[in-house]
Amino acid sequence: MGLLEDLEKKILIGDGAIGTLLYSYGKSCCFEELNLSRPEQILNIHRAYIEAGANVIQTNTYAANYVKLSRYGLEDQVKSINSAAVKIAKKAAGDKAFVVGTIGGLRGIRPDSSITIDDIKRTFREQLYCLLLEDIDGLLLETYYDLNELLTVLSIARKETSLPIIAQVTLQEPGMMQDRIPIKEAIQKLVEHGADVVGLNCRLGPIHMIQTLEDIPLPERAFLSAYPNASLPSFCDGELKYESDADYFKEYAQSFQKQGVRLLGGCCGTTPDHIRAFSSVLQDTAPIKVKTVKPKAQKVTVQVSQPPRPTPLQELVKKRSSIIVELDPPKKLDADKFFAGAKALKEAGVDAITLADNSLASPRVCNMALGSMVKSQVGARPLVHIACRDRNIIGLQSHLMGLHTLGIHDILAITGDPTKVGDFPGAASVFDVSSFELIQMIKQFNEGISLSGKDLGQKTAFSVGAAFNPNVRSLDHAIKRMERKIQSGADYFISQPVFCEKKLMEIHQAVKPLNVPLYIGIMPLTSSRNADFLHHEVPGIKIPETIRESMGKFKDDPVRAPLEGLTIAKSLLDTAMELFNGIYLITPFLRYELTVELSNYVKENASHQPKGG
């Protein structure tokens, strides 16, 4: 008798986590490779679950695919690892349990735009064929955060086999997937795409899964499943630990039965004791045939009125000449000079003061704190940079929430300079996301949704700038990066400083087809040493030899050198103002008097007619 025939008559008990047990044994390698090097250990885990009451066990193949095995240099062993896994599971199962081949999702909670749908299809097919060749009893597609990914692989599997397919999505919060798709809708789509068993696994425990299942009617052409986590993990002495008592699972076994679950197992943190708890309660319990879902009261969303905000910079710069000025947060705690500069720039009439995020990977006064003070005390408009280097996806989202709360709406999303160039070259760089994904995250916040898909309660109103580096060998490559950032949601661009009139004209022609505003970067040089350092040691900046020679004429004259730097900057501005509405002035060493003078120069000489660039 097959798996589906058994589910027709009774509740089946699945197994629990394999990785959790291996981790508890001190294994921190590729768990799937142990099918080859430690087959007896995997065999004993299967047997322990069967002895605990499991009559459906899964192969140790969750991450046995090309993409994930390549992290360990094992990408050429996909077939051998999957084949060994099925053989081990079948040896343990005998005639006591069904063996389902497990394939896990590739797209997790962390965004990864490098994994395309084509990558998913190719990777899935390879693993699928390896499992099907070993005469399994069914397939288990589990831990899918992205419904589109699961529907894609489910469609492939359904065309290739008539075996039972169990398809399970992962909750972000009760009733919702990460991309804000209601579980009820996801379950229906999985049934329509041919899944025989549909349900939930991972991330949350019994209470939240039952809460979700309360809204799910019994599918007409499929059975329900649930594989809850043991608990939320704690982190102690460098190790993740799950501390849920197996008796806790025993208390909720009947609740799962009352919600119509026919296949009940465990996910992260569960052990044979948890499965024994389920089995001891449900061993002789018949599944329900009828279920009534009570309609829930509609949630009333209260629209929170927001204070009026200034015209977004991307709209402002389309209508007239616009100046933004970077004023770097100080490295020392005395911020008096910084605020004097902010006040002077405000009086000069600049449209925004931009604040870098620990530029050149050196610690500075927090730009969010300074931005808030610039807004409240100076009355100027802050444009806050956010780098991916220093914060993980939790910190980035917290930072965005803080900026919204402070009423700061202008953001420049950047990757950030590597730590090796800064004061602490041994510091860890985070880079949980790239600038592309950070832009997407900010735009998702503008829809009132966090990265994980949770409702933020309000929509943010961020205007998102992106960085553009034209000082590269191939300008075409830089333009392609701009196009990707536009696709991610960038509203406008801010360039690295440019020190060549010819380069300004090349940039104008290259960006014109994009039809997205660009603030072109101009930076006054202060000395010959400053010019040499920027050219040779700062990534993304190149200064022509002629300009370095001009600055070199005043190498030993600290008075004349910055005046020469101003003359060069004004000459560049003459060309830039003919081509671009947006001017981005970078203040060197907090010498704000230089950028105040250049701001006045722009205001006196810029045409107020909109330009193409």
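Student: Which residues touch the most other members in the largest nonpolar core?

Tutor: The model is predicted. Its largest nonpolar core has 98 residues. Helix H22 (residues 560–579) gives the most to this core, with 9 residues. The residues that touch the most other members are Leu438, Met441, Phe468, Val511, Ile520 and Leu573.

Student: What does leucine 438 touch, not counting residues up to four places away in sequence?

Tutor: Leucine 438 is one of the core residues that touch the most other members. With residues up to four places away in sequence left out, its contacts are Ile386, Cys388, Leu396, Ala413, Ile414 and Val433.

Student: How many residues are in the second, separate core?

Tutor: This second core is separate from the one that holds Leu438. Its members include Phe31, Ile45, Ala157 and Phe256. The number of residues is 72.

Student: Which residues of helix H18 are buried?

Tutor: Helix H18 covers residues 475–488, and its end C-alpha atoms are 20 Å apart, which agrees with the 20 Å expected for 14 residues at 1.5 Å a residue. Buried here means under 20% relative accessible area. The residues of H18 that are buried are Leu475, Ala478, Ile479, Met482, Lys485 and Ser488.

Student: Why are the buried residues said to lie on the same side of H18, and which residues are exposed on the other side?

Tutor: The buried residues cover an arc of only 165° around the axis, so they fall on the same side of H18. What covers them includes helix H17 (435–445), strand E15 (463–468), strand E16 (492–497) and helix H19 (501–511). Exposed on the other side are Asp476, Lys480 and Gln487.

Student: Which residue follows H18, and what is its phi?

Tutor: The residue after H18 is glycine 489. Its phi is positive, near 125°.

Student: Where does a residue other than glycine have a positive phi of about 55°?

Tutor: Most residues other than glycine have a negative phi. One residue with a positive phi lies in the loop between strand E12 (352–355) and helix H15 (367–378). At 29% relative accessibility, this residue counts as partly exposed. The residue with a phi of about 55° is leucine 360.

Student: Is leucine 590 buried or exposed?

Tutor: Leucine 590 sits in the loop between strand E18 (582–586) and helix H23 (592–605). Leucine 590 also has a positive phi, of about 60°, although it is not a glycine. Its relative accessible area is 15%, and the cut-off is under 20%, so leucine 590 is buried.

Student: What is the order of the strands in the open sheet of 8 strands, and which are the edge strands?

Tutor: The pairing in this sheet is parallel, and the order is E1-E10-E7-E6-E5-E4-E3-E2. An edge strand pairs on one side only. The edge strands are E1 (12–13) and E2 (56–58).

Student: Which residue in E10 is the bridge partner of leucine 12?

Tutor: E1 and strand E10 (residues 261–264) run parallel and are joined by 2 bridges. In E10, the partner of leucine 12 is leucine 263.

Student: How many aromatic pairs does a search of the whole structure find, and what is the geometry of the pair of tyrosine 248 and tyrosine 252?

Tutor: The search finds 5 aromatic pairs. Tyrosine 248 and tyrosine 252 both lie in helix H11 (residues 246–258), 4 residues apart, about one turn of the helix. Their ring centres are 5.1 Å apart with 65° between the planes, and the cut-off for this class is over 60 degrees, so the pair is edge-to-face.

Student: What is the relative accessibility of tyrosine 248?

Tutor: Its partner, tyrosine 252, is partly exposed, with a relative accessible area of 21%. Tyrosine 248 also counts as partly exposed, and its value is 27%.

Student: Which residues do ring pairs link into a cluster?

Tutor: One of the residues in this cluster, Phe256, is also a member of the second core. The linked residues are Phe249, Phe256 and Phe278.

Student: What separates the C-alpha atoms of isoleucine 183 and leucine 200?

Tutor: Isoleucine 183 belongs to helix H9 (residues 183–192) and is buried at 1% relative accessibility. Its contacts include Val169, Met176, Leu200 and Ile216. Isoleucine 183 and leucine 200 are 17 residues apart along the chain, and their C-alpha atoms are separated by 8.9 Å.

How values were computed:
Residues numbered from 1 in each chain as written. Predicted model: local features only at pLDDT ≥ 70, side-chain atom pairs only at ≥ 80, totals over all residues. Heavy atoms only, no water. Pairing = 2+ DSSP bridges. Expected span 1.5 Å × (residues − 1). Buried < 20%, exposed > 50% of the residue type's maximum accessible area, 1.4 Å probe, protein only. Arc of directions from axis to C-beta. Contact = heavy atoms within 4.5 Å. Core = buried A, V, L, I, M, F, W, Y, C linked by side-chain atoms within 4.5 Å. Phe/Tyr/Trp six-rings, centres within 6.5 Å; stacked < 30°, edge-to-face > 60°.
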